[in-house]
Amino acid sequence: MKGKTHAGIGVLTFIAICNSISARLNFSGLIIVTIASLLPDIDHPKSIINRYILPFRNKSTKTVFYTCVGIVFLWYSFLHNGESYLQSLGITFVLIAISSHRKGLTHSLTGLILFSFIAGYTGNIYNIDNVIYYFMLGYGLHLVCDMGTNRGIPLFYPFRNKNFKLPITFRTNSKVGNIIEEFIMILGLLYVVYQLPSIIYR
Ligand SMILES: [Zn+2]
């Protein structure tokens, strides 16, 4: 599934939730949901999120870059007497480096829990409320949407390598798949344009 569809579904769901609980739109929440809904595809060198991170968008650059980032965090954790936050960041980046697209950590429940823990902890450091909930919403939606595609995802990685998918799936990058994704985006856009004024000026 395309990155923009994931981001669109994240934004749409967040606005729909704000609307249903009559809350005002929270912009930091919206940004966190958007980033979280793109994050699982960090395992793909050409994904939207890597467009802003990697100097060159190919597989070997991705592997080398994230291995180095991971080692830097592990080294910092070593200097700070094994601080577990830095250690988990280091391990996470090494796992991102070695996993190929949709076959590893980032498309699993373990990834969801690990990244949410890091996001929640970071939110605490910077005093931003509810980061973990916004993050889990965006990230979780990405996993559910990818389960709607024919390849599925390794939900229980690293404990089981089997791919799980929803009962009804569609093929990404196929004609029907693209039409479904475009349709979701247009419907979402109409809904957002229609609802936004009432949510912002509530
Ligand atoms: Zn994905």
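**Note on a predicted helical model**

1. M185 is partly exposed, with 17 other C-beta atoms within 10 Å; on this scale a residue is buried with 20 or more other C-beta atoms within 10 Å of its own, exposed with 12 or fewer, and partly exposed in between, the C-beta atoms being placed from the backbone. The model is a predicted one, in which local features need pLDDT of at least 70 and side-chain atom pairs count only at pLDDT 80 or more, while totals for chains, interfaces and linings use all residues. Residue numbers start from 1 along each chain as its sequence is written.

2. M185 belongs to helix α8 (residues 175–200), where helices (H or I, at least four residues) and strands (E, at least two) are DSSP runs numbered from the N terminus. Leaving aside residues up to four places away in sequence, M185 touches T5 and G8, a contact being a pair of C-beta atoms, placed from the backbone, that lie within 7 Å. M185 and I125, by comparison, are 60 residues apart in sequence and 35 Å apart in space, C-alpha to C-alpha. L189 also lies in α8 and is partly exposed, with 13 other C-beta atoms within 10 Å; from L189 to N130 the separation is 59 residues in sequence and 26 Å in space, C-alpha to C-alpha.

3. The largest nonpolar core (buried Ala, Val, Leu, Ile, Met, Phe, Trp, Tyr and Cys residues joined through C-beta atoms within 7 Å) has 29 residues, and those with the most contacts inside it are A36, Y134 and F135. At least two residues of this core come from each of α1 (3–20), α2 (27–38), α4 (59–79), α5 (84–98), α6 (109–125) and α7 (131–147), with α7 giving the most, seven residues. A36 touches Y134, F135, G138 and Y139, residues up to four places away in sequence not being counted.

4. The packing of α2 against α7 deserves inspection beside that core. Their axes come within 7 Å and cross at roughly 35°, the axes being lines fitted to C-alpha atoms, for helices over the stretch in contact, and angles running from 0 to 180 degrees between N-to-C directions. The crossing is right-handed, that is, the near helix is turned clockwise from the far one by less than a right angle, whereas anticlockwise would make it left-handed. The contact involves G29, I32, V33, T34, A36 and S37 of α2, together with V131, Y134, F135, L137, G138, Y139, L141 and H142 of α7.

5. For α1 and α2 the axes come within 8 Å and cross at roughly 145°, and this crossing is right-handed. On the α1 side the residues are G3, H6, A7, I9, G10, V11 and F14, which meet G29, L30, V33, T34, S37 and L38 in α2.

6. In α4, 21 residues at 1.5 Å a residue should span 30 Å, which agrees with the 30 Å between its end C-alpha atoms; the expected span is 1.5 Å times one less than the number of residues. The buried residues of α4 are K62, Y66, G70 and F73, and they cover an arc of only 60° around the axis, which puts them on the same side of the helix; the arc is that of the directions from the helix axis to the C-beta atoms. The face turned away from this buried side carries the exposed residues S60, W75 and L79, while α3 (48–51) and α5 are among the elements that cover the buried ones. Just after α4, N81 takes a positive phi of about 55°.

7. The same check on α6 gives 24 Å expected for its 17 residues at 1.5 Å a residue, and its end C-alpha atoms are 24 Å apart, which agrees. Its buried residues are G111, L112, F115 and A119, confined to an arc of only 95° around the axis and therefore on the same side of α6. What covers them includes α7, and the face of α6 turned away from its buried side carries the exposed residues I113 and I125.

8. Some backbone values in the loops should be looked at individually, since most residues other than glycine have a negative phi, and most peptide bonds are trans. N127, in the loop between α6 and α7, has a positive phi near 55° and counts as exposed, with 7 C-beta neighbours inside 10 Å. N173 has a positive phi near 65°, is placed in the loop between α7 and α8, and counts as exposed with 10 C-beta neighbours inside 10 Å. The loop between α7 and α8 also holds P158, which is joined to Y157 by a cis peptide bond with omega about 0°.

Notes: Contact = placed C-beta atoms within 7 Å.
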